[in-house]
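Grab a pencil and have a go at a few short exercises on reading a protein model. Try each task yourself before you look at the solution.

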Amino acid sequence: MASISLKKLNKSYGALTVVHDIDLEIADKEFIILVGPSGCGKSTTLRMIAGLEEISGGELQIGGDLMNDVPSKDRDIAMVFQNYALYPHMTVYKNMAFGLQLRKVSRDFIDSQVQDAAKILDITHLLNRKPKALSGGQRQRVALGRAMVRNPAVFLLDEPLSNLDAKLRGTMRAEITKLHKRLHATFIYVTHDQIEAMTMADRIVVMKDGHIQQVDTPQNLYDRPVNMFVAGFIGAPQMNMMPSVIERRGERYFASFDGRELPLPAHFDKSRIAPYEGHELVIGIRPENFHELPPADIAPENLAPFSAVMELAEPMGSEIHLNIVAGGRSLIARVSPRFKGAIGDEVKLVVDTTNMQLFDRQTERSILY
């Protein structure tokens, strides 16, 4: 079993605390990703799990055993680094075999492990080359292979794809996901790239300033963010945030934004909204919820007209990211590639409010969940 438990885990450098009382339960064989901006504490947390950083407080358990003072080599983990960390003077074969050689296992066992890992990663033809003769993607496969041959219970991956170009990152994302399913091991992966997190993880841990903001499945993070930070960090382009006043007419609530009225969906819990009547909060609308024409599959009562001034159009091939200005605020709408318009034009869109988010302006927390 390679379940992992972090209980009030923290890390300090003198008076500076960079990880604050992290509580996290990671299931056996789970693929979990720590994501957040630079400096949020995700890599430090990973390095404490690996035994490369001393734990300042709290408990770390792997498979139910306390690991705070257990040396890294005895934790049954393997780590893959951003910069590959390959020995330049050794061949690929020797790089992959080195960790097993230190354990003084038999030569036949080492050869079997290296050959099996090389076959899975499609690098058998590279075994006699040295790292300088490899591409970035090939080096990353070798780094993965070096971890695999040890057959660890836990794989720790620290931004392993950040040095690769965009196309290769997409390929390697798929390869690492397939590798996880094949190896049946626990994967803990660190990245600042929310696209990597959304496409690969069973669950995502969103961090900011050394604190966990939310732990959930990728879809739940997208649909039900607990605060404005998570809502803005998850999703590309990011969610539009608009300060609005909540008003009520009859049984319906509306968000009033610069003279525009956006109906709140009927399925929202009215008891959560009622205290904000007449007060300002922040509404969040994702770019894909702006449309050129009313969608046929959306209830008419959840649609509202929305006019804005076009500031910029960014063609993306399959869609256009439309930069618009409304109420002095810059927003982004995702529209079809057939959209026609010029900078400075007034554009008339339709907003689908079905998945609108509502946040308290002071606490920045969602009032819906």
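The exercises below go from the whole chain down to single residues, and keep in mind that the model is predicted.

**Exercise 1. The whole chain**

Task: Find how many helices and strands the chain has, and what share of its residues is buried.

Solution:
- Step 1: Count the elements. You should get nine helices and 20 strands.
- Step 2: Look at burial. The chain has 369 residues, and buried ones make up 50% of them.
- Step 3: Check the extent. Along the principal axes, the C-alpha atoms fill a box of roughly 80 × 45 × 35 Å.
- Step 4: Look at the contacts with a separation of 6 or more. Of these, 66% come from residues 24 or more positions apart.

**Exercise 2. Two helices that meet**

Task: Work out whether H2 is parallel, perpendicular or oblique to H3.

Solution:
- Step 1: Find the two helices. H2 covers residues 92–102 and H3 covers residues 107–121.
- Step 2: Get the geometry. The helices pack at an angle of about 135°, and their axes are 10 Å apart.
- Step 3: Pick the word. That angle makes H2 oblique to H3, because roughly perpendicular stops at 115 degrees and roughly antiparallel needs over 145.
- Step 4: Add the handedness. The crossing of H2 past H3 is right-handed.
- Step 5: List who touches whom. H2 brings Tyr93, Met96, Ala97, Leu100 and Gln101, and their partners in H3 include Phe109, Ile110 and Val114.
- Step 6: Sort the contact by class. Between H2 and H3 there are nine nonpolar, three polar and one charged residues.

**Exercise 3. Rings that pair up**

Task: Decide which kind of aromatic pair Phe31 and Phe187 form, and which kind Phe229 and Phe233 form.

Solution:
- Step 1: Know what to look for. You describe a pair of aromatic rings by the distance of the centres and the angle of the planes. The whole structure holds seven aromatic pairs.
- Step 2: Take Phe31 and Phe187. Their ring centres are 5.4 Å apart and the planes sit at 40°, so this pair is tilted.
- Step 3: Place these two rings. Phe31 is in strand E3 and Phe187 in strand E8, so the pair ties together parts 156 residues apart in sequence. Phe31 and Phe187 are both buried.
- Step 4: Take Phe229 and Phe233. With 5.7 Å from centre to centre and 20° between the planes, this pair is stacked.
- Step 5: Place these rings too. Phe229 and Phe233 are four residues apart in helix H8, so about one helical turn separates them. Both Phe229 and Phe233 are buried.
- Step 6: Look for a bigger group. Phe31, Phe155, Phe187 and Tyr189 are linked by ring pairs into a cluster.

**Exercise 4. Backbone oddities in loops**

Task: Say whether Glu159 is buried or exposed, then do it again for Asp209.

Solution:
- Step 1: Start with Glu159. Glu159 isn't a glycine, yet its phi is positive, near 45°.
- Step 2: Locate Glu159. You'll find it in the loop between strand E7 and helix H5.
- Step 3: Use the relative accessible area. For Glu159 this is 13%, so Glu159 is buried.
- Step 4: Move on to Asp209. Phi is positive here as well, near 50°, and Asp209 is in the loop between strands E9 and E10.
- Step 5: Use the area again. Asp209 has 53%, so Asp209 is exposed.
- Step 6: Finish with a peptide bond. From Ala236 to Pro237 the bond is cis, with omega near -5°, and Pro237 is in the loop between H8 and strand E11.

Definitions and conventions: Residues numbered from 1 in each chain as written. Predicted model: local features only at pLDDT ≥ 70, side-chain atom pairs only at ≥ 80, totals over all residues. Heavy atoms only, no water. Axes fitted to C-alpha atoms, helices over the stretch in contact; angles between N-to-C directions. Parallel < 35°, antiparallel > 145°, perpendicular 65-115°, else oblique. Left-handed = near helix turned anticlockwise from the far one by under 90°. Contact = heavy atoms within 4.5 Å. Nonpolar A, V, L, I, M, F, W, Y, C, P; charged D, E, K, R; others polar. Phe/Tyr/Trp six-rings, centres within 6.5 Å; stacked < 30°, edge-to-face > 60°. Buried < 20%, exposed > 50% of the residue type's maximum accessible area, 1.4 Å probe, protein only.
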